[in-house]
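This report describes selected features of one protein structure for a reader beginning the study of structural biology. Please keep the sequence and the model in view while reading.

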Amino acid sequence: MPAPPVDSFERKIDYLRLSVTDRCNLRCIYCMPSEGVPRLEHSEILSYEEIARLAHIVTGMGISKIRVTGGEPLVRKDILNLCARISRTPGLKSLSITTNGVMLAEFAEGLWEAGIRRINISLDTLQPEKFAAIARRDFFDRVWAGIAAAEKAGFSPIKLNAVVMRGINDDEIEALAGLTFRHPYHVRFIEFMQFNPGPGGDYDKKFISSIEILERLRRIAPLDLCGDSQSNGPALHYQFRGAPGKVGIISPVSNHFCPTCNRLRVTSDGKLRTCLFSAEETDVRKALRLGLPDDEVAGIIRRAIAEKPEKHHLENPVFRKCISRQMFSIGG
Ligand code: SAM
Ligand code: SF4
């Protein structure tokens, strides 16, 4: 197994977030416009063959972790066979998925059988009405059933991700964190990010920093930083004393995790992004469709990695407005 590629800032790049669709069955207010977005043509989306080949090429380069994402990955036709196929890629050490959970009751067992071992489920609220307001679809019960199904299928730990927005769901920080007293879940609070074109002009009012979230958590009960926090990517994990679950803080905006960033993203239309917040993209789809041999495609990916930016400048509102796509389109 080759060593993972290293970028110009000595970061080992061993993780790919692979978007398999830009479509979604929700319309979260922080991610998609209510009317939806123009659909990409079928021919624009990477085919199964192309995705499987790309997985093969990147693992051959030493990139050993892949997360399947979207849009909503479970709406892609034949997603289970696609996951099973990716999971058989030689050299792949970890295959995970991020889902909104709406279709999980139906798919959890199949995902486990397909070789997925890690699952992140988005859950911004425990109140069905608020769920309908945030996701613009009345599917809370389906998501809750999906979480139970994932647990039954064997996924552990189950990671629940909540985007925190002031005046919308910040009143539920305590309730969401409280889940960790009753379940072995990892409940992770994500800072709300602004994308362009994105969630409206009152971004600054809605933004709530991870420092403030942590202060609120500390008021609930004694909180210990977990020893494994460093191995959890961008999340810092804590545990309330005696609780089976953990709480996590993900602060893409206020606290750069850029110095340890190990990830690449490929959008569903085959554009490689080395930084979530940079508009720079490399056309991997074109390289695959030109029929270039694997080592030449790998060379193109290596050159993009060499150009991976050192860090983002999200603290700068001008920079924030330059981000050309939203999360459903980049692959969260
Ligand atoms: N549809 C799946 C889901 O929602 O889990 C996977 C794709 S979604 C784009 C991946 C993650 O991006 C989700 O956890 C979502 O909450 C997060 N996300 C989307 N827009 C965001 C924003 N403006 N700020 C912070 N997180 C965001
Ligand atoms: Fe869909 Fe996920 Fe975006 Fe919500 S966050 S609209 S579930 S892609």
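The shell of residues around ligand 2 divides into seven nonpolar residues, two polar residues and no charged ones. Its members are Cys24, Leu26, Cys28, Tyr30, Cys31, Met32, Gly71, Asn100 and Phe328. The structure is a predicted model, and every value in this report should be read accordingly.

A second site to consider is a pocket. Rolling a probe the size of a water molecule over the atoms shows where empty space is left. The second largest pocket has a volume of about 240 Å³. Its lining consists of Val20, Thr21, Asp22, Arg23, Leu40, His42, Ile45, Tyr48, Val75, Arg76 and Lys77. By class, these lining residues comprise five nonpolar, two polar and four charged residues. Thus charged residues take part in the lining of this pocket, whereas the shell around ligand 2 has none.

The report now turns to the sheet. Twelve strands, written as 12 in the computed description, form an open sheet with mixed pairing, in the order β7-β8-β9-β6-β5-β4-β3-β2-β1-β10-β11-β12. Strands β7 (223–225) and β12 (282–283) stand at the edges; each has a single partner strand, so one side of each is left without a neighbour in the sheet.

Which residues of strand β3 lie on one side and which on the other? In a regular strand the side chains alternate between the two faces of the sheet. In β3, Ser94, Ser96 and Thr98 lie on one side, while Leu95, Ile97 and Thr99 lie on the other, and all are buried. Strand β3 covers residues 94–99, and six of its six residues are buried.

The neighbours of β3 in the sheet are β2 and β4. Strand β2 (residues 65–69) pairs with β3 in the parallel sense over four bridges, and isoleucine 66 has leucine 95 in β3 as its bridge partner. Between β2 and β3 the chain passes through helix α2 (residues 79–87), and this β-α-β crossover is right-handed. On the other side, β3 is joined by four bridges to strand β4 (residues 118–122), and the two run parallel. Here threonine 99 stands opposite isoleucine 121 in β4. The chain crosses from β3 to β4 through helix α3 (residues 104–113), again as a right-handed β-α-β crossover.

Antiparallel pairing is found among β7, β8 and β9. Three bridges join β7 to β8 in the antiparallel sense, and leucine 225 has tyrosine 238 in β8 as its bridge partner. Strands β8 and β9 also run antiparallel, joined by four bridges. The partner of alanine 235 is isoleucine 250 in β9, and leucine 236 stands opposite isoleucine 249 in β9. These two strands form a hairpin with five residues between them, and glycine 242 in the turn has a positive phi of about 85°.

Alanine 243 also lies in the loop between β8 (235–240) and β9 (246–250). Is alanine 243 buried or exposed? Its relative accessible area is 7%; the limit for a buried residue is under 20%, so alanine 243 counts as buried. Alanine 243 and phenylalanine 207 are 36 residues apart in sequence, and their C-alpha atoms are 28 Å apart in space. A second pair makes a useful contrast. Threonine 180 and proline 244 are 64 residues apart along the chain, and their C-alpha atoms are separated by 6.2 Å. Threonine 180 lies in helix α6 (residues 173–182) and counts as buried because its relative accessibility is 0%.

Finally, some details of the backbone deserve attention. Most residues other than glycine have a negative phi, and most peptide bonds are trans. Two residues with a positive phi that are not glycines are listed below.

| Residue | Phi | Loop | Relative accessibility |
|---|---|---|---|
| Aspartate 78 | about 65° | between β2 and α2 | 43%, partly exposed |
| Arginine 136 | about 55° | between α4 (128–135) and α5 | 28%, partly exposed |

The peptide bond that joins serine 156 and proline 157 is cis, with omega about -5°. Proline 157 lies in the loop between α5 (140–153) and β5 (158–164).

Technical notes:
Residues are numbered from 1 along each chain as its sequence is written. Chains are lettered from A and ligands numbered from 1 in the order in which they are written. This is a predicted model: local features need pLDDT of at least 70, side-chain atom pairs count only at pLDDT 80 or more; totals for chains, interfaces and linings use all residues. Side-chain values use heavy atoms; hydrogens and water are left out. A residue is near a molecule or strand if one of its heavy atoms lies within 4 Å of it. Ala, Val, Leu, Ile, Met, Phe, Trp, Tyr, Cys and Pro count as nonpolar, Asp, Glu, Lys and Arg as charged, and the others, Gly among them, as polar. On a 1 Å grid over the protein atoms alone, a cavity is a set of points where a 1.4 Å probe fits but cannot get out, and a pocket is an open set with protein on both sides within 12 Å along at least five of seven lines; lining residues have an atom within 4 Å of a point. Grid points are joined across faces, edges and corners, and a volume is the space filled by probe spheres set on the points. Buried means under 20% relative accessible area, exposed over 50%, partly exposed in between (1.4 Å probe, protein chains only). Two strands pair if DSSP finds at least two bridges between them. A crossover is right-handed if, with the strands pointing away from the viewer, the path from the first strand over the helix to the second runs clockwise.
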